[in-house]
Amino acid sequence: MEEVIVGRVVFRGSRIHGMGGFARTTIRKGTRIIEYVGEQLDKAEAQRRCEAGNVYVFEINDTFDIDGSVDWNPARWINHSCDPNAETDVVDDRVWIIATRTIRPGEEIVYNYNFDLDEYEDYPCNCGAQQCIGFMVAEKHWAEVKRRHGDKRNGKLLTPAAAR
Ligand SMILES: C[S@@+](CC[C@H](N)C(=O)[O-])C[C@H]1O[C@@H](n2cnc3c(N)ncnc32)[C@H](O)[C@@H]1O
Ligand SMILES: [Zn+2]
């Protein structure tokens with residue numbers, strides 16, 4: 001797929017996986033980089049799609065979620081990293097990707113998908129960060145993941161930084 005430019009972001013091929021989002025300009029910490037949009041779903045339909053393996057469903061509030069797997073949501077291309085420079089935040093029922101530090105031009109914009117302990121093993125990580133934990137799993141679970149898998153997580157020998 002060719003490049004797609006949306007505001008401060010260019011979407012193109014990524015070394016991590018498929019397409020990724022890259023900064024076109026310096027993006028300061030705290031900036032709302034792009035909105036994660038999608039189809040609004042009631043909770044029952046959201047649960048049905050999650051159980052069918054849809055990883056683009058975002059929980060918004062107690063009443064509805066959104067399914068971001070739509071053409072008009074380029075933010076769906078943003079990859080996961082164990083060393084993220086962004087995070088997602090729900091503000092007034094809208095999902096924003098927000099910079100958690102200064103992001104330089106050309107840097108890939110990444111956030112932690114924050115998968116739970118019951119699902120991370122289906123998601124091996126290829127982020128390339130020195131401290132990559134081997135799976136796309138929330139940082140609050142890293143101690144447990146290390147305990148479960150030792151230092152051969154995801155079949156790879158960990159770097160000394162990640163094994164700590
Ligand atoms: C929201 S999409 C990200 C966009 C994806 N790069 C694409 O081209 O469709 C999520 C999927 O991308 C892949 N992905 C994202 N981050 C990854 C990572 N750090 N390591 C391996 N695969 C990743 C996984 O297949 C994941 O289910
Ligand atoms: Zn990683």
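A residue counts as buried when its relative accessible area is under 20%, as exposed when it is over 50%, and as partly exposed in between (1.4 Å probe, protein chains only). By that yardstick, 44% of the 164 residues of the protein chain are buried.

A word on the ground rules. This is a predicted model, in which local features need pLDDT of at least 70 and side-chain atom pairs count only at pLDDT 80 or more, while totals for chains, interfaces and linings use all residues. Residues are numbered from 1 along each chain as its sequence is written, chains are lettered from A and ligands numbered from 1 in the order in which they are written, and side-chain values use heavy atoms, with hydrogens and water left out.

**The chain as a whole**

You will find three helices and 11 strands in the protein chain; helices (H or I, at least four residues) and strands (E, at least two) are DSSP runs, numbered from the N terminus. Along the sequence, their order is β-β-β-β-β-α-β-β-β-β-β-β-α-α.

The C-alpha atoms fit a box of roughly 40 × 40 × 30 Å along the principal axes. The radius of gyration is 16 Å, which agrees with the value near 15 Å for a compact globule of 164 residues; this radius is taken over C-alpha atoms, and the globule rule is 2.2 Å times the number of residues to the power 0.38.

Contact here means heavy atoms within 4.5 Å. Among contacts with a separation of 6 or more, 58% join residues 24 or more positions apart.

**Around Glu35**

Glu35 sits in strand S4 (residues 32–36). Which residues does Glu35 touch, not counting those up to four places away in sequence? They are Asn73, Ala75, Arg94, Val95 and Trp96. With Arg94 there is also a side-chain to side-chain polar contact of 2.6 Å. Such a contact is a pair of N or O atoms within 3.5 Å; within protein, one must be able to donate a hydrogen and the other to accept it, and residues adjacent in sequence count only if both atoms are side-chain atoms.

**Two loop residues with positive phi**

Most residues other than glycine have a negative phi. Asp92 and Asn114 each have a positive one.

| Residue | Phi | Loop between | Relative accessibility |
|---|---|---|---|
| Asp92 | about 50 degrees | strand S9 (86–91) and strand S10 (94–99) | 71%, exposed |
| Asn114 | near 60 degrees | strand S11 (108–111) and helix H2 (142–149) | 47%, partly exposed |
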